[in-house]
Every structure is written in C-alpha cells, then in structure tokens.
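Me: I have a structure to go through at the bench. Please take my questions one at a time and keep the answers short.

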There are 4 protein chains.
Amino acid sequence: MGYQLEAESDAGREFVSRCEAHGADFEARADAHDRDGTFPVENFEEMKVSGVMRAAVPEEFGGLGVASIRDLAIGLNRLGRADGSTAIALNMHLSTCWVSARLHRGEVEQGESTGMGSFLALLGGGLVVMANATEPGTDNIHPLTELSRVDGHWELRGRKSFGTLSPVADLFLVTCRCREGGHDVRAFAFVTRGTPGMDIRDNWDALGMRASGSHDIVYDGCIVPDTQVRISETPWGVQSAEEFTIGSAGTLGLVAAFLGIAERAAELAVDMVRTRTKAPDDRPLAERAGVQHLAAENEIDLAVCRALLDRTGRLLDAALVARPVADDDPVELQRLFTEFQSAKHVVNRKAIEVVDRALTLSGGVGYLSKSPLARLYRDVRAGPFMQPLSPNEAPAYIGKVALGIETDGYS
Amino acid sequence: MGYQLEAESDAGREFVSRCEAHGADFEARADAHDRDGTFPVENFEEMKVSGVMRAAVPEEFGGLGVASIRDLAIGLNRLGRADGSTAIALNMHLSTCWVSARLHRGEVEQGESTGMGSFLALLGGGLVVMANATEPGTDNIHPLTELSRVDGHWELRGRKSFGTLSPVADLFLVTCRCREGGHDVRAFAFVTRGTPGMDIRDNWDALGMRASGSHDIVYDGCIVPDTQVRISETPWGVQSAEEFTIGSAGTLGLVAAFLGIAERAAELAVDMVRTRTKAPDDRPLAERAGVQHLAAENEIDLAVCRALLDRTGRLLDAALVARPVADDDPVELQRLFTEFQSAKHVVNRKAIEVVDRALTLSGGVGYLSKSPLARLYRDVRAGPFMQPLSPNEAPAYIGKVALGIETDGYS
Amino acid sequence: MGYQLEAESDAGREFVSRCEAHGADFEARADAHDRDGTFPVENFEEMKVSGVMRAAVPEEFGGLGVASIRDLAIGLNRLGRADGSTAIALNMHLSTCWVSARLHRGEVEQGESTGMGSFLALLGGGLVVMANATEPGTDNIHPLTELSRVDGHWELRGRKSFGTLSPVADLFLVTCRCREGGHDVRAFAFVTRGTPGMDIRDNWDALGMRASGSHDIVYDGCIVPDTQVRISETPWGVQSAEEFTIGSAGTLGLVAAFLGIAERAAELAVDMVRTRTKAPDDRPLAERAGVQHLAAENEIDLAVCRALLDRTGRLLDAALVARPVADDDPVELQRLFTEFQSAKHVVNRKAIEVVDRALTLSGGVGYLSKSPLARLYRDVRAGPFMQPLSPNEAPAYIGKVALGIETDGYS
Amino acid sequence: MGYQLEAESDAGREFVSRCEAHGADFEARADAHDRDGTFPVENFEEMKVSGVMRAAVPEEFGGLGVASIRDLAIGLNRLGRADGSTAIALNMHLSTCWVSARLHRGEVEQGESTGMGSFLALLGGGLVVMANATEPGTDNIHPLTELSRVDGHWELRGRKSFGTLSPVADLFLVTCRCREGGHDVRAFAFVTRGTPGMDIRDNWDALGMRASGSHDIVYDGCIVPDTQVRISETPWGVQSAEEFTIGSAGTLGLVAAFLGIAERAAELAVDMVRTRTKAPDDRPLAERAGVQHLAAENEIDLAVCRALLDRTGRLLDAALVARPVADDDPVELQRLFTEFQSAKHVVNRKAIEVVDRALTLSGGVGYLSKSPLARLYRDVRAGPFMQPLSPNEAPAYIGKVALGIETDGYS
C-alpha cells in the first residue's frame, strides 16, 4: 500500500508511535460510538495517560515537545485510521497547544515573558483546550459573537456551531468581535467550562463524525475574567498573520486525519478483494481486471495525498518552526496558506473518492451498516466542510492569489 | 434547473403525472422511514389506489398500458425525487410487469396463448411481484440457488440478498440453477409469499435506501408448484437475450430514480444558496462566484444524465417496443445492453457527484442528520451497486464489446 | 462503436447521406491541406455539386430543405469525421442559411414579404455566405467594428479574426456597432467579396484546423450599400433573442463536428489495437486489460456526447422549428441557450479526451506527424474556443442562470 | 505561482542554478527548432561548457558530483520550462551518467575495481552517451534487437525507435537480447557513433518534441568490441533490479521536464490574463471569475505535481543514494518503481491539463502557431508515452502490485 508518511523528528516519531499504539482500541470502539452518537471519553482519558494529549507542549512543561507541524499531522493521520471523530477532536486541542508553544517560543526568542509559560504548564498538566470558532451565518474572520464591556467586566454573547471536542474540553477559546475601542477588532475569550451563561447544547447529530461531540455552544452573557481575554489589533474582517498560521499549520492535522480514513478504507477493501471469491471460478476478486484498476486508482490517489501532506508539512515547518517567530512575514504567510489550501482541497476530495472506491470494491457488503466502510464513508465526507475555506471558496481564493488580486478569502 | 425529462406517450404522461401527485406525501414520510429503517407500506397502498402499481399492465388487463420503457423510467424519476427507497422498490415490481406484458405481446403477435394473459390479469388486479435475483458470492448469470426435483415436486434451496420490496411483495420471482436435465440451466421459480421454507429475514440495515426493505431471503426447501416453475434453455453462466433485455430495459427505471435523487438535492441546494445569507454583507450566497461555479457543475451534470437517459430510453423503445418481439436479435440486444451500461455507469456516478456538490453548497447544514440532503447523500450511493454490472465490471465489459472480444460480463 | 446519431427527417437523412458520400475524398485530402495550411477549395466545389451547400435552403429556392437543426448537425458530424476544417467552415455558411430560412418562414407565417426570399434564391443558386463575428479584444455582443454614416453612405471599419471560410465566401455577414441614432445598437453589414477597403489577410497559421482558412479580415472604410445593411434594435452589449438563437442552433453543428473528430480518432485507435501485436506473446493489444479500459472510457464518453447532441438538438427543434417563429420567447431562448452551453461545454471537452486516449492507445505511433491522429489531436483542441461562451465564461453563465442571477454571459 | 521545487544538496543547487542560466537562450531558440524540426546542437555545446552535461559525474572525474536523483530532476525541470526537447534529450545522457556513477560507487564500497572509473572519466571529459532502448512492437524488457556471436565477435542487429539525443550522442547504449548461452538474457551493447552498420535514420517528425532528434536507429550487423558488451544475468522478459532502478530514478528527470513545460505554460497564461483586457469594461481578464477558477485549477494541479516529484525524489534518494549500493533489495525496488509510476502517471497527465487550461485562458491567441503555448501544448503531450509504463499499462501494474499479484508490467 505505498509508502506511508513517517515523522522525522525524534519527538515526532515517539508521538506517532504512541498514536499507533492507541489504534486497535480506538477502532474497536468506533462503530458503537458512531451508532450511538456518543463521545469517546475513554479515548481521551487514555491519550492523557499516553502523553498524546501533551504532544505539542514543550518538554520543559511536561509535554512530548513535538514542534514539527508535519510530525503532529502524521500522528493525527494514524488516529484518523482508527477513529476519525477522535482525530479531529484531538486536533482542536493539539493545534491550540502548538500555537501556544509557538507564541511562547517567540517570547523566549525576544527575551520577553508574557505568561504563555504558565498556560503551557496547565496544558502539560492535563488541561484540555479547544478552539471554538465556527458560527452559523458567517465565516472565521467575521465572528458575530460579541465581547463587550458591561459593568466593568467582559461579557460574551453569541452562538457557536460545530464545537468539536466540547464534551471533554476544560477551556474554550472563543473567537469573537470586540467593538469597545470604537472600531471592530477580533478578540479571543478563554471561557472555562461551567461558566454561567455557557450552554453546551448536546445536540450533535450528523451524517458522520458522530462521535466528535460537535455540539452547538451558546454564550449568553458569560462573564470572562480580564486575564482570559485577548483583544487583538486585527480589524474584524481581515485575514491576519495569526489566521494564516492557524488556518494552515493549525489544520494540517485535520487533513491528515481524513487521509487516515481513506487509507483505512483502502486497506479494508484490499483485504476484502484478496480474500473474497465469486462463482463460477471461486477465484479471489483481486484477480479481476476491473478490481485491479480501482485498486490502482486508490493507490495513485493515496500517493497524491501523501505527497501533498508531506510537502506542505515541510514548507510549513521550514517557515514556522525552523525560523525565528519574529521573522513571520504576512505576505509569505498568505502564500503558505494558499499552498496549504491547495493541498487541503485535493486531499479532502481524494480521500472521499478513495473511500467511495473502497465501497465499490466491497461489492455491496460495505454499504451495510455493520461494515466499517459505511462509517468511513460518512466520516470522510466531513473533510471539505473543515474551516478555513471550503470548496465553495477555495478555488476563487487560490485563483485570486495566483493572479495577484486582493481577497479576504470569502466573498 | 434545465429541462426535465418528459414522457411522450399518452399513457406515459398519465403515469408520470400520477407519480408526481404522490411526491409531496412520499417525501414528507421519507426521513422518518429512513431513520427508523421501516418500509413505507402506505406508499404502496396509495400507489395501488392511484394506479401507479399497474402502470406497465396493458389496459385490457386493468393497467395504465405504459409500454414505453422510457416513459416508465420517467415516472420512477419523479418518485426518486420524493423517496429513493420507494422508487427502487417499485421498479422491482414494474420491471417484472413490463417484461410480462412484453412476453404477452410476443404471444399475441405469434397467435400463441401461453397464459401470460392470466398472470397479467392478476397484476392488473393488484398482485405485487418482485424479482429476487442477487445472491452473495456470485453474479446474476451464475445463480447458486438450486431448483431440484425431490419426491415428484420442485424444491428450492438458496439464499438471496438485497431483496428490495420484500415487505409487501406477494410473489417472488426467484432466479436459480436447475441441474435436472444433466446440464446446468437457468430457471425461474415463482414463490408465493408465506410458502413454508421461505424466510424473509427482516434484516435490512444499511447506509442508505433504508426504507427499501432489501432483506435477505432464505429458501430452505420451499416446494414450488409445477405451474410456477419455468425452466429456461439458457445454460447456466450465459448471458441470454432475456438477461440483456431485463438488464437494460428492466433497470433503466433504477437509473432514473437515482437521477431523481440528484435533481432533488440540486434543487434543495439552489433554494438554500438563494435564501441563505452570510456576514459581513448579508447578501445571498448565490451571488458568490464559487457557489455559482458549483451550481453550474450540477446543472451541467444533470444535463448529461438526462440526455443519457433520454437517448438510451429512445434506443430501448425503438428496439424493444416499436418492433415485433420476434425480431429480437441477441447481437443487437448485447449492443443495446452495452450502450445502457455506459449510461448507467455515468448517471449513477454523476448523481453521486451532484448530491455531493449540493452538500458542499449547503455549507455544513446539509451534513446534519435533520437535513434531507444527508439522506439523499446516503441513498444516492446505492446506485453503482445496482445489478447488472457494477463499476467493478462495467468498464471491462464495455471495452471488450467495443473491441470485439467475447465476454460474459463478469470475469 | 455504440449508436451513431441518425437524422429523423427525410430531408435530413438525404443530407446526411450526401455528407457521408463526401467522407472518403475529404479525408484523403485532409492531411495534405493540414500540413500546407491550404484551404480545401475542391471540397467546397464538390459540396456545391452534391447539394450539401444548399442543405438548409428551402426546396422552393433550390435547396434540400433541411429545417431540423439536429439533422443539419448530424451531417456536419459526418463531415467532421473526414475533415474538421471543412466541417467548421461549412457551418459558417449553413448556419447563416438556416437563420435566413427561418426568418423567411417567420415572414410567411405573418403574411409579410421582406425579401428574405430573394436572398434565399441566391443561396439556392450557389452563393456562399459566412458569418464574420469574432474580434480580438471583445466578445460577440460588444463588437467594436463600427458602421457609420459618412457622406450619405454606410462605411465599415474594424478588424475581425478567425474568419473561417473566408477563402471561398462570396458574402460576409459582419456584426458591428452602429452609433448613428445617438445610442449604440448592434448592426449587420453584408459585405461582398472584393469590396474596396476589405482585406482578407491570408494569415491563418494555427495549431490545428489549419485548412479552415480562418484569416483575419480588415474592413478599412468599406462602403456598404444601404440594401446590405441591417440596423437592429438590440442595444450594443445585450444578449438578444437573435443571439440566443444563433448562439445555440447556429453552432450546434460545430459541436457535432468536434464529436465527429473524436469518433474518427476512437475508430482509428480501435483498429490499431485490434491489429497491432506486441512481443513476447504477439497477441493483439486489444486483449490487454489496460487497453480495454481506455477503449471503454472512449465508448462511454462518446455515448455521453451523442446523447447531449441528440437531446439538445431535439429541444432546439421543438422550440425553434416545430413552433411558429412569432412564438419565440426570450426567456425560453435563454434557457435553451444555457442548456446548449452545457452540451457544448461537455462535448468539446470530452471530444478532446477521446482523441487523447486514442493517442495513448496508439502507443506512440499516433504522435508521429504522419499519423492522422496527430492532426485530429490538434484539430479537436479548437472546440472550446468556438463562440459563444468559452470555458472561461460558460460555467459562470450557467451557474448564474441556474441561480436566477442576471448575466450578459461575459463578465 | 506556488513554491517551485528547490535542490537541497550543494552540488544540486549549483546544477540547478546553471540550468536556470541556460533558460533564456534555450527558450529563445525553441520555437525555431520546433518549426524546423532541427536539433539544438548549440544548446548541447553550451551545456558542455557550463558543466550541465557533466552534472551527474563525480567531482573526482571532472563532474559536478550531483548524486541526488531529486536534485538532478529539478535541474531538468528548469530546462523543461525553456525547451522540452532539450530537457528530455539531456536526460538520456544524464541518467546514464547517474547509473554509471552509482555502479562506480558500488564498486568502491565493495573495494572492487571494474573499470567504471575510466568510463566516468570519459563522461567527465565530454563524452555524450545515450540510452537506446525503445523498439517498435515490443517493450523494454523484451528487446528484439539481437546481440550474437559471429566469427569471433559480437554482432548487433535490430531497429530502435524514439532515439532521442541521437544527433549529438557519441556512444549508444543499446539494450538487446543475447541467446548465446542457450537461454535468452538481456544484454547491453555500447555502440560508438559511426560504427559501420549503424544507421541513424534522421526521420524524426512528430506532433511535438520536434527538436529532440528522436530518430529511428537501425543496427544492421554492427560489430561491437568485446569490451563494449555487457551480458547480464537477467533473463529476457524479466524486470530486473536494474530495470526498476533505471525505470524510476533514471526517468524522474523526464517527469520533471514535463512539469517544467506545464509551469511555463501556466506562467504565460497568468501573464496574459493580467495584461490583456476586453471590451466593454477593458478591465484585465484576470478579474473575471471564470478566469480565476481556471487559474486556481492550474495552481492546484501544479502543487500536486510538485509534491509528487518532491516526495518521489526523496524516497528514491533515501533508497538509492543514501544507502550502500549493495543493500539494494529487489522487493523494495519494485515498490519504489510502483510508487514512481503513480507519480509519473499523475504528473504527465496533469501537466497536459495545465497546458490545456493555459490555452483556454489565452482565449484563442494561444492556438496560433506563433504562440509558444501552441508548442508547449504539442510538447507536453509526449509525456505519457515515456517508458517504462504508459497509461495503457500503469494502472494494471500498480493495481496488481497493490493487491499482491505477480506481474511483469506489460501484459
């Protein structure tokens, strides 16, 4: 089945190995959680124990110290093979850890001390954090959730959707709009689970990724301590350097998880056609030309997906990990973001096609609810919805950047 | 939304109109039956009343007298828009009616009288019949279900799968193998519902088409009256003229039903993007270039599908309806069958792609279980599994016929 | 090789038969004209004799009386198989004849008499006319060629490109802009060959369609008699009913010609793989699975193309031929035009893909200049450039129409 | 335009830089050589001077010492942008140099001394060598050119086709069959230019790559000195470890050259739509949604191609450059070869699609012979014909390997 992606840093290899060790258990639970729409809490407990949850936290704060975005994505790739829901929920946490570790590195490089260290210590100690960005009726750079000053404290009002990981998250990093300074800027509120006014709706019921706990979350006048608010200088509606970074490095792991789903489906299909036979000759289906052709198309598409992840991961690592944080260049970040969007666009699509062919190869068996292929087919379809930039938006964005035309990515 | 297919015969127009009249009710029930995996018995009761069930029965036997395969398919297309499960289950019955009516026409043309008339009278009177062909581990021309002579009567043993329509069928047309004459031939047993030894397993639970009642059916020593057995002269394992006919004309309606699913999904998506708005400008999504591009791709693919169904329907009608039955030419029937396979291959695939784009256009909303798009996405995926010739087999078959190389279609 | 398209009217069948009769001779000359970039004058002489040039002229004016757009396209399909350049050049003439005949029919239906009859008599007598619309730097609805009143007569100034058929045309139907009434309107000037100021540049030298004589034509102050000018009421820059008609019915034959090129290439490839053998087994290449798969893809794509042409032709005939001309409805004409654009978009693309696969099947031989496949590959690539609406514009147009958004098709 | 591929070794960077320095001159000559079908002898003279011809020769023998297959391919990628014919002709030489240098490394690792050093010294001194493998009517592992013992010397008889680089090659590495030992084995004859009985037919005349000098070469009883013959132990008709190596590492540069053609076409198209305007608004075409969509598709496809080349190059370098030659494992070599075939299959196809879109974006101008796009369109189509494994064979091969079914790749 071709050459799978391999981590290249020592910490990354260790991380990938631990992710692989979870595989059999996670996969064994996946169908039941999918059927019942339950969140695999036990998976996250086990990943706390194994250290997978602390992967992106620097070693000095108790983590595995994986700095490479590429290597993190490869671990998520392995988890995606076992259970897509777990993988995408984990990324909500890991990407926030990675961003925090990078901010900390920037502080250290500058000789600053702004306290990212204490946050990383919490993450190293087991705190589960999740990004909570998506909202109905708008896009990532135009959050409608409002952070406003009321009676001397910060108050948060709005509704988020697709709140993946919410069943076990301790802290919610909520993107919002702040109009306090007379002009609209982006802001972030870190809301502790259980804060009055926060309502996790427990209403996730979807075609796939049914175990991801992607509930709606309503913030109805939550009071957020000043220390847990960050007002950025980025005007509302502008793609900032930070968004370019999170929107590429922070979501590479999602793309890798969808590749994992496709890899698993392709593997199951190969196993089926090598062992299943058919009358009248009762020879394995694998000997038939049509089956070989479809198997080849899967092999080719997986090669394409792996290559795109490999290269994009290297480009991101070169720009965001190997260089001083202060060297971040918004123009290059947009270029990287655009390159990443190409990879995401292709991998998410081809992953769907690979699972689709696996279904075809299964000859009808895979269409039955009891087949893991049926779950994989539903799960993999979530890929193109992942933010930022869906197939509704990505080509226009990529085309404009290629042609030197300004764009905010959404209209 | 382009030009939909329209019936051309008077009987066909009447049939299509009655199918359309069922649409709203069937669609209103579809999501609940899908969720619960229940068979829409009430739909079939209503179609008995409306005459839709008797569409392919000649008027003299109480039917609507639709002889055109193309027009029958167009009615199924309309039902497919409302509920795919109902449409494909109905085709199991309608195609058998059409084949029977054609056999009767052949008898009349030859001045014969073999009794198809009395069978058509039963169908005109409300009898529900279904073809029961598919088996695990083999293909349509190599049935492993055995019909054998035991103690002076015919006994049937075997296991069928994908027994769509089984919850309400009165009579099961079971394809089987008969070795009585010293060599293996194809045979057909008409098994009355409730015959001892027949076990409808009530076990259909699949990704989609969940309301189609496609249960496994086990025949464990069913005694079949001599009058309900037909031993053909076609050797086991050979594609007969009859199979070419059933495998094309008899399944065009299935393809049309899947087009219906795609048309409905595309329509829902258009409605969504025309009414839904997004921050910051709160203009309809339909104004965005990326959305327009995807809508165009759907429009173009639907035009392709309709054209293929239109033309294939005309070719089938010209060969199988407009000419005397006795003029059937096996060589031309294979050519027609091959042309039909091309149409089926493309339409089933493009129908999936259209629903997929509708999901994309929905922006995540369509991925929620409550959206009809989620059901349409699961239902439409059943298309390529429909027999005869799946995507595992069709290209090799079509290629061989194009190159003048002999093939039985499966190996 | 599947079911080719067949004419359905008597006149159409006669026309197609005469086109087929030219095939062998035209194909025999095609490679030489392609190599030398010469116009096949002799083909047009022979088509004058055979009556093919007068196909769309009513019988009363000496023509074959083919009214069906679909049947005309099928004749061009046959010529496309022999020589694409001849086919597209002929369409320049035939489409103008068809439009003229339709205008005449409208006059007759209204009891009018505007003189289209005398023009048809000229066409029936052998006059060769060509549309001359395309210009560099603009599109069909924004012609920059100016018709203006100077010293009491009409004067024409501008530059046209892609003047296919110009080597033998007697009369040039030049689309232009007229600003005389104080506002810009579309106008048509019928310029007789040899008019002073008209310069056919004899500069056509392209990748393919090298025998089509598609020279630039410069009109540098040509004086056009008042009787040969038609000022329309359509504002400059508006898609008129007339443009919808010409842009669909008038160019269906081009699409059919490109299908013919693809059919011929596919046929040559099948012949090659059935006869060519390879070591070590020296069996025909047609027996190899990969070859069969590619042959199937060609067969499937040809079925798609034929179905689209068949259906679009029927829709056009139903709206533009079977009904009174006065019933023309601009809204329906746009819908038809849009449906036609879908067909054009797919057929032009798939025709390229079919020839490409034929090259692949040829195993390198087809890449040599001496192979007709090399010419077919270059010729077929012209398809997507044909006006109106190239792949740069068609999806956006189709999407907007599907979504109910106003568009002029170009921006 | 995304991130181009960059060499990673010092020698590789130097090589790529020198290749880039040739670009402008080579591109300036390309159209004339293409039109006239002449070989760009001056390019090869200049590459002798610049050292590009000696790139793969170790420094100790006077070369640049580029060992990385990936870096060599990247240099050819740059040349491909300027002139595809030059790039593929150069690869005929460079790949043979690389294989020779690797054989030498193996000897050194083993402490052997078989004389590869002296051959490398010749290459370092300016000798031009070319592989001469392709034959009509057979494939690479079944050469029909015979090497036989006649009158105490070796005699060569056979006909080779597609003899790219033949106009300037000094030495021809001819693959052949030798039956002397009683069983058929593969053999190699190194034939010096001008050897009696060798006839370079000077007959290359093709759709594209017209400047590549890919003439037929006939060996009609050439006497080959014993020192210039190598009889291998690989039976005729078997894929050997050597063939896996040459068929992957030895042809990666070809794939990279075709990517270069696509990159150049995409760049030309971007330039055109950014500068060309159209009535009525006279805004750059780049502002149109349809144009942006096509530009995005090119950008995405180029990202796919670059990623595949990058990853495949790394995999090849890891297995064939970073490890001792003696560690070569035939099983892994086949796996690598298969992975390479996936990359080749996709890149060659997507390169064609990119150039095709560039033509579309050019709006007709690119179809004119004077446009470099017309040449690029013809040149890029040669890609899929490159051996080993064309699209007629590659999917079946890849599918079989994925399914664990034995195959020799051709039947």
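Me: Which side chain meets that of Arg264(A) in a salt bridge?
Reply: This is a predicted model, where local features need pLDDT of at least 70, side-chain atom pairs count only at pLDDT 80 or more, and totals for chains, interfaces and linings use all residues. Residues are numbered from 1 along each chain as its sequence is written, chains are lettered from A and ligands numbered from 1 in the order in which they are written, and side-chain values use heavy atoms, with hydrogens and water left out. A salt bridge here is a side-chain nitrogen of Lys or Arg within 4 Å of a carboxyl oxygen of Asp or Glu. For Arg264(A), the N to O distance is 2.6 Å and the partner is Glu267(A).

Me: Why are Arg264(A) and Glu267(A) separated by about one helical turn?
Reply: Both belong to helix H7 of chain A. Helices (H or I, at least four residues) and strands (E, at least two) are DSSP runs, numbered from the N terminus. The pair is about one helical turn apart because the spacing is 3 residues.

Me: Is Glu267(A) buried or partly exposed?
Reply: Buried means under 20% relative accessible area, exposed over 50%, and partly exposed in between (1.4 Å probe, protein chains only). Arg264(A) is at 17%, so Arg264(A) counts as buried. Glu267(A) is at 36%, so the class for Glu267(A) is partly exposed.

Me: Which residue forms a salt bridge with Arg81(A)?
Reply: Side chains of opposite charge can pair when their charged atoms come close. For Arg81(A), the closest N and O atoms are 2.8 Å apart. The partner is Glu263(A).

Me: How many residues apart in sequence are the parts that Arg81(A) and Glu263(A) tie together?
Reply: Arg81(A) lies in helix H3 (residues 69-82) of chain A. Glu263(A) lies in helix H7 (residues 252-275) of chain A. The pair therefore ties together parts whose separation in sequence is 182 residues.

Me: Which Arg in helix H8 of chain A is linked with Glu263(A)?
Reply: Helix H8 covers residues 289-320 of chain A, and the two partners are 43 residues apart. Their side chains meet in a salt bridge at 2.9 Å, N to O. Glu263(A) counts as buried at 5% relative accessibility. The buried partner, at 4%, is Arg306(A).

Me: Where does His93(A) lie?
Reply: His93(A) is buried, with a relative accessible area of 0%. Contact means heavy atoms within 4.5 Å. Beyond residues up to four places away in sequence, His93(A) touches several others, among them Met53(A), Leu123(A) and Leu165(A). The element that holds His93(A) is helix H4 (residues 84-110) of chain A.

Me: At which residue does H4(B) bend?
Reply: H4(B) has 27 residues and reaches 39 Å from its first C-alpha to its last, close to the 39 Å expected at 1.5 Å a residue. That expected span is 1.5 Å times one less than the number of residues. A bend is the angle between axes fitted to the seven residues ending at a residue and the seven starting there. In H4(B) the bend is about 30°, at Asn91(B).

Me: Why is H4(B) largely enclosed by the rest of the structure?
Reply: The reason lies in burial, judged residue by residue. H4(B) is largely enclosed because its buried residues number 22 of the 27.

Me: Which strand holds Val174(B)?
Reply: Val174(B) counts as buried at 0% relative accessibility. Outside its neighbours within four places in sequence, its contacts include Asn132(B), Phe188(B) and Tyr219(B). The strand is E4 (residues 171-178) of chain B.

Me: How many salt bridges are counted between chain C and chain D?
Reply: In this interface, 46 residues of chain C are in contact with 46 residues of chain D. One salt bridge joins Asp356(C) and Arg349(D), at 2.7 Å, N to O. The count between the two chains is 6.

Me: How much area do chain C and chain D bury between them?
Reply: Buried area is the accessible area (1.4 Å probe) that two parts lose on being put together, summed over both. Of the area in this interface, 59% is on carbon and sulfur atoms. The total is about 3,900 Å².
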